[in-house]
Amino acid sequence: MKKIMLIISLNLTSFLINAQVDESSNLSKTILEKDSLLFNVGFNTCDISQFEKLLSDNLKFYHDKDGISDKAKFLTDLKNGICNQQANRKVKRFLIKENNEIFPLYKNGILYGAVQNGAHQFSEKRESQAGVAKFTNVWQLENGEWKLTTSFSFDHKPYENNNLKKNIFDNETEIEKWLKENKVPTLGIGFIKEGKLQQVKVFGEISKGIDAPYNTIFNVASLTKPVTAIVALKLVSLGKWNLDEPLYKYWTDPDIANDLRNKKLTTRIILSHQTGFPNWRTMNENGKLNFQFEPGTKYQYSGEGMEYLRKALEKKFRKSLQQLAQELIFQPLKMTDTKYIWDKNVDTTRLAIGYDKNGNPYQTVKNKIPNAADDLLTTVEDYSKFLASVSNGGDLSKNVFAEMTQNQVASTKGKHFGLGFEIYDLGNEEIALSHGGSDNGVQTLFFILPKTKDGLLIFTNSDTGMNVYEKILKEYLGENGQKIVDIEMK
């Protein structure tokens, strides 16, 4: 039986190999969402209703250890087996996303189904019983609904324990324990190697008892700023915007209209945080925007500066920042889950709500107008695509990329700000581009190493999220990760 199923799987793969869909396509996302409901919710929490909804009445399930099942037998075995006395035997299934392939099925040019090839890992309380297996699932549209009609599960074998011990981020049990210790409900990690997205991992729970899906949506706080920066720098590269042109030609805030220093504000000064503005005008007694020093003379981090740039861009191009980013970044990079604004299309079932250090939820921010400095909604995969693009030059001209990665002004702890990114000097002519985000219930961070084109992204949804940074940096960036930690410990 095992040999037969392997041959069937190989034949299906061979037949459809040229038709594999892109991982960011609508079909791919749909199948992965169904997979997540079937396993992250159904299998991992023993929510049998998910199987009842997603399994076709004509299901045929082929297992290389347990034989053939139809829908009725499959559900009975599930209830009486894994889901019986769950407290004594907890089994969870995790999709190995790097091995996932999806192929469309057409008849007369009309989509009627899809083949999903992949591998998954099963972990249990007793690590010696952890295992991996391959699978081939055939999904079919039945009356407009996606149903699993045929499933092959084969090549089951133990997961090598020595691999589990090598890297904590390959050990789900250890990660869950570690996150609970640090009071972090959800953790997302994106790893870029040599300019390509290498790994996306999401750990923890999206809500009580429900595992966070790989495409969990995070509010990333100030990681919004680098995206806005690249929007502006792309326009500069296209010759449609000038890095050093005074912004008063397009926008002047009424609060500083009578202060001649407004005429010194440029995109360069804003992206390097030298505006002289406070972080937010609400920090002032009267709630009005004002200069606290001469623009261009020193560093002071400011979200108001990014908002000032947004308004100038929107006046010039007569488009919202959301539209500009969609055209210049989100659409080209297929960042389909990324947006500045909250609308009806936000999938709240995938949203990572922010929590304080005591586990109390914060109210969700729902911006109707883009904020150039804060509250971008995105996934680990989407933002990692953005960082991979930046590591490869960001589709910027050579001159603009050089300006972006050049020290514009000293910031803190021996670091500098370039244009939109903070710069760490790692020695040996190597730098790291970075930005962090910190809001209520949000702690996020990334690093890009232009020399090697490696990168690391960390998303968390808790005030305590920064407690997990050090271990992740050292694990993924090695010696450079230690250097970054050392700089921050100064």
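The legends below describe an overall view and several close-up views of a predicted model. In this predicted model, local features need pLDDT of at least 70 and side-chain atom pairs count only at pLDDT 80 or more, while totals for chains, interfaces and linings use all residues. Residues are numbered from 1 along each chain as its sequence is written, and side-chain values use heavy atoms, with hydrogens and water left out.

**Figure 1. Overall view of the chain, with its 13 helices and 18 strands.** Helices (H or I, at least four residues) and strands (E, at least two) are DSSP runs, numbered from the N terminus. The C-alpha trace spans about 80 × 55 × 45 Å along its principal axes. The chain has a radius of gyration of 25 Å, which agrees with the value near 23 Å that a compact globule of 490 residues would have; the radius is taken over C-alpha atoms, and the globule rule is 2.2 Å times the number of residues to the power 0.38. Of the 490 residues, 55% are buried, where buried means under 20% relative accessible area, exposed over 50%, and partly exposed in between (1.4 Å probe, protein chains only). Among contacts with a separation of 6 or more, 62% join residues 24 or more positions apart, a contact being heavy atoms within 4.5 Å.

**Figure 2. Close-up of the aromatic pair formed by Phe 330 and Tyr 340.** A search of the whole structure finds 18 aromatic pairs; rings of Phe, Tyr and Trp (its six-membered ring) pair if their centres lie within 6.5 Å, and planes under 30 degrees apart count as stacked, over 60 as edge-to-face and the rest as tilted. The pair of Phe 330 and Tyr 340 is tilted, with 6.2 Å centre to centre and 40° between the planes. Because Phe 330 lies in helix α10 (residues 321-330) and Tyr 340 in the loop between α10 and β12 (377-378), the pair ties together parts that are 10 residues apart in sequence. Both Phe 330 and Tyr 340 are buried.

**Figure 3. Close-up of the edge-to-face pair of Phe 421 and Phe 446.** The ring centres of Phe 421 and Phe 446 are 6.0 Å apart, and their planes stand at 70° to each other. Phe 421 belongs to the loop between β14 (416-417) and β15 (422-427) and Phe 446 to strand β17 (residues 442-449), so this pair ties together parts that are 25 residues apart in sequence. Both residues, Phe 421 and Phe 446, are buried. Ring pairs also place them in a cluster with Phe 218, Tyr 383, Phe 386 and Phe 459.

**Figure 4. Close-ups of Asn 143 and Lys 183, each with a positive phi.** Most residues other than glycine have a negative phi. Asn 143, with phi near 55°, is found in the loop between β6 (131-142) and β7 (145-158), and its relative accessibility of 82% makes it count as exposed. Lys 183 has a phi of about 55° and is found in the loop between α6 (172-181) and β8 (186-193); at 47% relative accessibility, Lys 183 counts as partly exposed.

**Figure 5. Close-up of Glu 176 in helix α6.** Glu 176 has a relative accessibility of 22% and therefore counts as partly exposed. The C-alpha atoms of Glu 176 and Phe 203 are separated by 7.3 Å, although the two residues are 27 residues apart along the chain.
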